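Work through the exercises below with the sequence and the coordinates at hand, and try each task before reading its solution.

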Amino acid sequence: MPDYTLKSFEFRREREAQWRELEELVERVEKRGLQSLGSDELHRLPSLYRAALSSLSVARAISLDKNVTAYLEGLSARAYFAVYCRKRYLGSSALTFLLETFPQLVRGMRWALLLAVALVALGAAAGYVLTAQDSDRYFTFVGEDMAGGRTPAASADELAAVLTDDGGGTATMLTSFAAFLFTHNAKIGLLCFALGFVAGVPVMLLLFINGLGLGAMWALYASHDLGFEFFAWVMPHGVTELLAVCLCGAAGLAVGYGVVFPGRFRRLDNLARRGRQAAAVAVGAVVMFFIAALIEGFFRQLVYSTDVRVLMIVITATAWTLFFTRVGRTPVERLARTVGRARRAELEAAVREIEPLRPAPDTGATP
Amino acid sequence: MRTLGAEGGERLALQTPEHVALQFELAPLGSRLLAVCIDVLIVFLAVVLVTALTSLLAGGGSGLGDIDADDPRLLVEAVAQLATFFIWNFYFIFTELRWQGRTIGKRAVGIRVIARDGGPLSSGLVFARNLTRDVEMLLPLMALASPSSIGFASGWGLALTWVWLGIMALMPLFNRYHARVGDLVAGTLVVNAPRETLLEDLVADRSNGDVATQHPYSFTQEQLDLYGIHELQILEDVLRRYPSHIDFDLLLTIARKIQRKVDWHAADGREPDAYQFLQAFYAAQRGRLEHKLLFGKRQERKVR
């Protein structure tokens with residue numbers, strides 16, 4: 001009999017110890033994260049990973065042992081995730097997210113944001129005009145549960161009483177009110193984002209309908225000469241809340257835009273690109289809803305002075321404007337400030353040009 | 001790049017920066033459904049637990065009397081509401097960020113989320129694939145439970161809503177990646193988490209760990225040229241399954257079939273032990289085929 005030396009057997013015997021070592025490290029990373037490795041092990045991980053990859057290439061070429069190739073295939077994949085899918089610490093990344101990524105992303109979708117604001121404003125104007133013409137239309141725009149006694153039949157005193165109602169007044173009552181407001185609004189906001197998937201059409205409707213309700217209620221109060229008081233009552237939290245709604249809407253619109261106009265990308269890839277950014281904006285908006293609910297649940301129920309309420313409107317409006325225009329500038333944005341407005345568009349176009357060419361950090365080619 | 005795997009399961013290749021293509025198998029829809037059921041159950045239990053705990057801390061309050069403004073039950077309700085919102089919306093996000101795309105349910109079932117471009121699972125991506133769950137799961141379920149809760153009670157509006165919700169919920173059936181809406185928005189895929197254990201080499205002699213060349217059975221080159229890689233690997237499967245999944249009778253049948261086919265006869269005329277014979281044949285056959293492979297001849301199938 002011709003004596004074949006089994007190269008695949010020798011190959012496996014030489015390298016098996018390394019594979020086992022890598023497997024043990026990967027197992028620990030999967031269970032307890034990268035920080036569970038000592039500095040020596042951390043050092044060994046990438047080289048062991050590359051060794052496993054080269055073993056895989058060799059095995060595919062010379063070995064007909066199905067178990068070995070399948071094992072190496074799986075081991076390499078697991079090691080790949082352990083090496084490349086770095087795990088950031090959730091605490092610190094949350095802070096960077098809120099103070100850098102979030103305002104940056106919002107600046108990136110400023111046109112969608114403007115459109116969202118315009119839609120709400122348009123809805124509010126329509127609601128105002130239509131209700132002012134015929135107060136019976138009020139219930140078309142404001143649901144029975146939303147109205148809560150604020151009906152066209154109510155007298156001016158009754159309407160004014162709502163504006164200074166302390167909702168029970170105790171801390172317990174206020175907390176539960178704030179919790180309700182937050183979950184209710186945040187759910188609507190997230191819905192706004194999730195519906196963007198269908199070319200953004202449902203988002204536009206939702207934004208417009210939200211505006212309608214607001215405008216109708218305004219018209220009701222204005223008809224009793226309480227327009228300004230209503231403004232001072234709704235806007236201290238409304239600045240934050242409406243902005244958050246518009247941001248979610250803008251996120252949804254950006255996703256929809258990504259589907260309809262994929263540009264130089266494939267449609268699916270562009271959807272993924274936009275979707276990731278938009279979702280991050282929606283999560284940032286959830287934080288804003290939380291702030292808005294605190295203002296609405298506590299400040300509004302405890303402070304009745306119209307002057308102080310107006311001051312709060314000014315403060316929140318200024319704070320958000322500064323936050324979204326100044327905080328967490330990228331190097332490009334800082335540079336654009338020094339080169340001036342004219343060159344800015346040029347610079348942004350250049351960045352957009354290289355963006356698809358620049359490989360994402362630590363990733364390979366697209367499948 | 002997408003190729004069809006040997007077992008018929010969908011396979012995807014992902015290029016690493018080292019330019020080696022890693023193969024992944026798309027997770028079957030059944031596993032994904034099971035995983036999400038486990039996760040939803042965990043969310044449900046967590047919400048119940050939080051609510052129960054707060055009501056305990058708030059001092060009972062199980063009576064059904066009038067609720068005044070200071071009633072601790074109001075606080076319990078507030079906490080429960082917040083807990084439900086955060087647990088439902090952030091359980092998936094948190095676990096997928098914490099364990100690189102594996103929620104507890106996914107870990108139990110053995111699947112994981114990967115980015116379609118092979119990149120790391122960034123927070124934006126995990127947010128995107130999980131914030132759409134309301135539209136995909138909750139709304140269709142609510143619509144099933146009570147059609148009026150979605151705004152349209154009857155007529156065209158209702159029909160349209162049903163079509164729309166159906167498309168959202170059943171999206172995984174309509175595309176080749178089995179991606180749900182969240183996967184499309186985030187650019188992710190759910191794949192089987194690879195977990196193959198390294199078994200003993202079948203050609204190894206168990207006594208001294210060396211290659212078993214001293215078998216009492218030998219084969220000629222002509223006898224080894226009949227079968228191909230496909231048959232070799234089926235034989236590998238058979239040998240690895242013996243004795244736990246395959247009984248000796250099957251081994252005997254296979255051994256006899258091979259003997260007939262390659263026209264092999266024992267030197268001493270007695271019928272060999274089936275397992276030993278098959279192991280020897282496997283070792284010799286693999287040696288021959290790998291030898292050919294080195295010379296660039298990849299014989300996939302048997303000759304006739």
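Three exercises with worked solutions follow, after a short note on conventions.

The model is a predicted one, in which local features need pLDDT of at least 70 and side-chain atom pairs count only at pLDDT 80 or more, whereas totals for chains, interfaces and linings use all residues. Residues are numbered from 1 along each chain as its sequence is written, and chains are lettered from A, with ligands numbered from 1, in the order in which they are written.

**Exercise 1.** Determine the helix and strand content of chain A, and then place Phe11(A) in it.

*Solution.* Begin with the DSSP runs, where helices are H or I runs of at least four residues and strands are E runs of at least two, both numbered from the N terminus. On this basis chain A has 15 helices and zero strands, and Phe11(A) belongs to helix 1 of chain A.

Next, count C-beta atoms, placed from the backbone, within 10 Å of a residue's own: 20 or more others make it buried, 12 or fewer exposed, and values in between partly exposed. Phe11(A) is partly exposed because it has 18 such neighbours, while buried residues account for 40% of the 367 residues in chain A.

Finally, list contacts, meaning pairs whose C-beta atoms, placed from the backbone, lie within 7 Å. Leaving aside residues up to four places away in sequence, Phe11(A) touches Val58(A), Ile62(A) and Ser63(A); the C-alpha atoms of Phe11(A) and Ser55(A), which are 44 residues apart along the chain, are separated by 8.7 Å.

**Exercise 2.** Describe the side of chain A that touches chain B, by residue count, by helix and by residue class.

*Solution.* The count comes to 71 residues of chain A in contact with 70 residues of chain B. Helices that each supply at least two residues of this side of chain A include helix 1 (7-32), helix 2 (39-62) and helix 12 (267-302). By class, the side divides into 40 nonpolar, 18 polar and 13 charged residues, where Ala, Val, Leu, Ile, Met, Phe, Trp, Tyr, Cys and Pro count as nonpolar, Asp, Glu, Lys and Arg as charged, and the others, Gly among them, as polar.

**Exercise 3.** Analyse the pairing of strand 2 and strand 3 of chain B, and the faces of strand 3.

*Solution.* Strands pair if DSSP finds at least two bridges between them; here five bridges join strand 2 (residues 10-15) to strand 3 of chain B, and the two run antiparallel. Gln15(B) stands opposite Ala21(B) in strand 3 of chain B. The two strands form a hairpin with five residues between them, and His19(B) in the turn has a positive phi of about 65°.

For the faces, recall that side chains in a regular strand alternate between the two faces of the sheet. In strand 3 (residues 21-25) of chain B, Leu22(B) and Phe24(B) form the covered face, and Ala21(B), Gln23(B) and Glu25(B) the uncovered one.

How values were computed: Two residues are in contact if their C-beta atoms, placed from the backbone, lie within 7 Å.
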